[in-house]
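Biologist: Could you take me through one part of this protein slowly, as you would for someone in their first year? I would like to see how a single residue sits among its surroundings.

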Amino acid sequence: MSQITVAVTSNVDCDGDGVIDADEIADGTDPNDACSYDPASVTVAVTSNVDCDGDGVTDADEIANGTDPNDACSYNVADITVSVTSTVDCDGDGVTDADEINGPDGDPIQQTEPIQTIHVVMIHQVLR
Ligand SMILES: [Ca+2]
Ligand SMILES: [Ca+2]
Ligand SMILES: [Ca+2]
Ligand SMILES: [Ca+2]
């Protein structure tokens, strides 16, 4: 039995996760899975539109804004561009982040307090 080791020298990033195939192989991540990569190895522009953790912020935006693309509780609400598919409840108030973002609270980082929530909604409407 013989083993052949071939060094990957191309700079292609087949899955568009910003990590070139050679680095993905070195890291042990999947070069054909845009959700399998080490954020620390991102060296080229992220071209995929995936949102791997389902928090509604694409991996490209999370990397650009310094949040963790693999942590559904690490994101900026203002960066949400796709529908939230995660079912996490990051602040532990019993309402999932998806429901908070789509509901009147709109801020999954803060625990929902009904009286303050009404204030926030009214201010938003005035500002518009
Ligand atoms: Ca890649
Ligand atoms: Ca990958
Ligand atoms: Ca995300
Ligand atoms: Ca919550």
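Modeller: Happy to! Let's begin with the whole chain: it has 128 residues, and 24% of them count as buried. Please keep in mind that this is a predicted model. The chain contains 4 helices and 0 strands, so its pattern along the sequence reads α-α-α-α. Among contacts between residues at least 6 apart in sequence, 22% join residues at least 24 apart.

How far does the predictor trust its own picture? The average pLDDT of the chain is 85, and 77% of the residues reach at least 70. Helix H1 has the highest confidence, with a mean of 96, while helix H4 (residues 114-127) has the lowest, with a mean of 50. Over residues 114-121 the pLDDT stays under 50, and for this stretch the model has 4 contacts beyond four places in sequence.

Now for the close look, and my choice is Asp53. You can find Asp53 in the loop that runs between helix H1 (21-27) and helix H2 (59-65). Is Asp53 buried or exposed? Count the other C-beta atoms within 10 Å of its own: there are 22, and because 20 or more is the cut-off, Asp53 is buried.

Who are the partners of Asp53? Once neighbours within four places in sequence are set aside, Asp53 is in contact with Pro69, Asn70, Asp71, Ala72 and Ser86. You can also compare sequence with space: Ser74 is 21 residues away from Asp53 along the chain, and their C-alpha atoms are 9.3 Å apart.

One of those partners, Ser86, leads us onward. Ser86 is also touched by Ala98, along with Val84 and Thr87, when residues up to four places away in sequence are not counted. Ala98 lies in helix H3 (residues 97-102). Ala98 counts as buried because it has 20 C-beta neighbours inside 10 Å. Its C-alpha atom is 7.8 Å from that of Asp55, although the two residues are 43 apart along the chain.

Another partner of Asp53, Pro69, leads to helix H2. There we meet Ile63, which is in contact with Pro69 as well as Gly18, Pro39, Val42 and Val46, again leaving aside neighbours within four places in sequence. Ile63 has 19 C-beta neighbours inside 10 Å, so it counts as partly exposed. Gly18 is 45 residues from Ile63 in sequence, yet the C-alpha atoms of this pair are 9.5 Å apart in space.

So, to put the picture together: Asp53 is a buried loop residue, with Ser86 and Pro69 among its contacts. Ser86 is shared with Ala98, and Pro69 is shared with Ile63.

Notes. Residues numbered from 1 in each chain as written. Chains lettered and ligands numbered in written order. Predicted model: local features only at pLDDT ≥ 70, side-chain atom pairs only at ≥ 80, totals over all residues. Helix = DSSP H or I, 4+ residues; strand = E, 2+ residues; numbered from the N terminus. Buried ≥ 20, exposed ≤ 12 C-beta atoms within 10 Å, placed from the backbone. Contact = placed C-beta atoms within 7 Å. pLDDT = per-residue confidence, 0-100.
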